Amino acid sequence: MASAPKVWAFQQEETAETGNVTLKPVPDNKEGIFAQREKIGYALRLHNNTGEVQKGTIAYSITTDDGKKVEDDSSKFSLKSYGSKSLILKIKPKPVGFYHINFRVNLPDYDDTVRNVFGVDPQKITSQLHKPADFDAFWTRTREDLEKVVPQYRVLERKDLSTDEKRVYSVEMHSYGDIVIRGWLVVPTDGKRFPVHYRVPGYVVGLKPNMDNDDFITFDLNVRGNGNSTDVMEIGTDNYCLFNIENKDKYIYRGVYMDCLRGVDFLMSHASLGIDINKIFVEGGSQGGALALITAALDKRVKVLTLQVPLYADIHNDLLVSSSYQTQVFPFKTFRKYQEKHPAFTWDKFFATWDYYDPQNFAPMVQCPVLMGIGLLDQFCPPRCSMALFNHIGSKNKEFVCVPNSTHEVNFDYFMFQNVWLREKFRIP
C-alpha cells in the first residue's frame with residue numbers, strides 16, 4: 001500500500017493590523033489542516049488598542065468553499081484599556097473539504113472582519129476526471145506533429161550578461177506549428193556536470209536568466225507569447241487564454257504545452273554544455289505550475305516536479321467555486337467576459353475545449369517525485385481544486401505544503417524547504 005503524502009506548513013508573515021480592537025485567529029494546527037473526526041480549534045487573540053474599555057461582540061461564520069452556509073455563532077466580550085485576552089473556539093468536526101471561516105469584531109463605532117480558510121483531510125478530496133474518449137489520441141497526435149518540426153536550435157553566448165561564475169546563453173528553437181520560441185540558459189563555469197532547473201512561465205510572464213542557483217544549470221523557457229518569444233506571437237494578457245478558445249485543435253495551449261516539451265528536447269540534445277540529462281527537474285507557479293505538471297506527465301525524461309498554486313486545476317470545480325465569489329477573479333473573470341460577448345459560447349462548449357487541457361486530466365501520468373505548494377486564501381487557484389489535482393497525481397512519492405495566510409503565492413520558507421527537498425532527491429551535498 002502506498003504511504004500517505006506528507007503535508008508541511010509554513011506560516012506567512014502577517015502585517016500589523018490597526019483598529020480599536022485587533023483580532024488574530026490562530027488555528028490549533030498551524031497549517032490550518034484538520035483530520036475528519038477532529039474538532040476544529042482556534043485561539044482568538046483580542047487586543048484593545050485604546051485607553052478606553054471596549055465592549056462588543058465577536059462572531060464567526062463558516063461556509064463551504066463554494067459559498068454554502070455551514071454554521072455561525074457569536075458571544076460578547078469586554079476588554080479593559082490596552083488589554084488583551086484569548087478566547088478558545090472549538091467547532092465540531094467537518095466532512096472532507098475546505099471551509100471559509102470569517103471572524104467579525106463588532107463595536108458600537110468599529111467593525112472588523114478577519115478571513116481564514118481551513119481544510120479537512122484534503123488528501124482525501126476526490127473529483128471527477130472529465131477526460132474525452134480521444135484525449136490520449138489527441139495528445140499522441142499532437143506530439144507526433146511536434147516531432148515533425150525541425151528544432152533548428154540556436155545557442156548564443158551573451159557575454160554582456162555573463163559573469164566569471166556563470167555563462168549566460170540565449171536559446172532559440174522552432175516548436176509546434178513551426179513557431180520560434182526562446183529562453184535563457186545559465187551554466188556555472190567550474191566545469192562540472194550539473195542537474196537542470198527547468199522553469200516554465202506564469203501567465204504572460206517573461207522569464208529572465210536565473211543567476212541565483214549555484215547547484216543547477218538553469219533553463220528558463222518563454223513559451224509562445226511570453227517574454228522574449230512575443231515578437232513572433234504577441235497576444236497580450238487580456239486575450240491570451242482566449243486565443244482560439246472555441247477550437248480545441250487551434251487553442252493557444254496546444255502549442256504552449258508542446259513548447260514545454262520542446263524545451264526538454266533542447267536540454268537532452270545539449271549535454272555538451274555540462275547538462276546532466278538524467279537529472280532534469282521542472283518547476284512553475286500559477287500557469288507555470290500547470291505547465292510544469294503537464295511537462296512531467298507527457299515527458300518521462302523529467303525526473304522531478306515542483307509546482308506552486310497551479311492555475312486551471314480541476315477546472316470544472318473551479319467554475320463552481322468561483323461562481324460563489326462576490327467579485328470575480330482571473331481566470332473565470334476573463335472567461336465570463338468572453339461568454340457575455342459571445343452568448344452562443346456556452347459552458348458546455350467551453351468544456352468541449354478545456355477538457356483536453358485541464359491539468360487534472362494529465363495528473364495520473366505523472367510518476368516522478370512531486371512537491372506542491374498552495375496558499376489557503378488563494379481565489380485564483382482554489383485549494384480544493386489544487387488538492388484534487390494533487391490527489392490524481394500518479395506518483396507514489398508526493399508531498400504538499402500549505403501556507404495558511406497566503407493568497408496566490410507561497411512564501412520564502414516554502415522555497416527554502418523546496419531547496420532542501422531537491423538536494424535530497426538529487427543527492428546534492
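Which residues of H4 are buried? In this predicted model, the buried residues of H4 are Ile315, His316, Asn317, Asp318, Leu319, Val321 and Ser322, and helix H4, which spans residues 315-322, is accordingly described as mostly covered, with 7 of its 8 residues buried. The cover over these buried residues includes H5, H6 and helix H8, the last of which runs over residues 383-392.

Two of these covering elements, H5 and H6, also pack against each other. Two packed helices are described by the angle between their axes and by the distance between those axes. For helix H5 (residues 332-341) and helix H6 (residues 347-354), the angle is about 125° and the axes lie 11 Å apart, which makes H5 oblique to H6. The crossing of H5 and H6 is right-handed. On the H5 side the contact is made by Phe332, Phe335, Arg336 and Gln339, while H6 contributes Trp347, Phe350 and Trp354; sorted by class, the contact of H5 with H6 comprises 5 nonpolar residues, 1 polar residue and 1 charged residue.

The cysteines can be considered next. The count of disulfides comes to 0, and cysteine 260 accordingly takes part in none, the nearest cysteine sulfur being that of cysteine 368 at 14 Å. Seen from the other end, the sulfur of cysteine 368 has its closest cysteine sulfur in cysteine 260, and because the 14 Å between them is too far for a bond, no disulfide links the two. Cysteine 260 counts as buried because its relative accessibility is 0%, and cysteine 368 is buried as well, with a relative accessible area of 8%.

Terms used
Residues are numbered from 1 along each chain as its sequence is written. This is a predicted model: local features need pLDDT of at least 70, side-chain atom pairs count only at pLDDT 80 or more; totals for chains, interfaces and linings use all residues. Side-chain values use heavy atoms; hydrogens and water are left out. Axes are lines fitted to C-alpha atoms, for helices over the stretch in contact, and angles run from 0 to 180 degrees between N-to-C directions. Helices (H or I, at least four residues) and strands (E, at least two) are DSSP runs, numbered from the N terminus. Angles under 35 degrees count as roughly parallel, over 145 as roughly antiparallel, 65 to 115 as roughly perpendicular and the rest as oblique. A crossing is left-handed if the near helix is turned anticlockwise from the far one by less than a right angle, and right-handed if clockwise. Contact means heavy atoms within 4.5 Å. Ala, Val, Leu, Ile, Met, Phe, Trp, Tyr, Cys and Pro count as nonpolar, Asp, Glu, Lys and Arg as charged, and the others, Gly among them, as polar. Buried means under 20% relative accessible area, exposed over 50%, partly exposed in between (1.4 Å probe, protein chains only). A disulfide is a pair of cysteine sulfur atoms within 2.5 Å.
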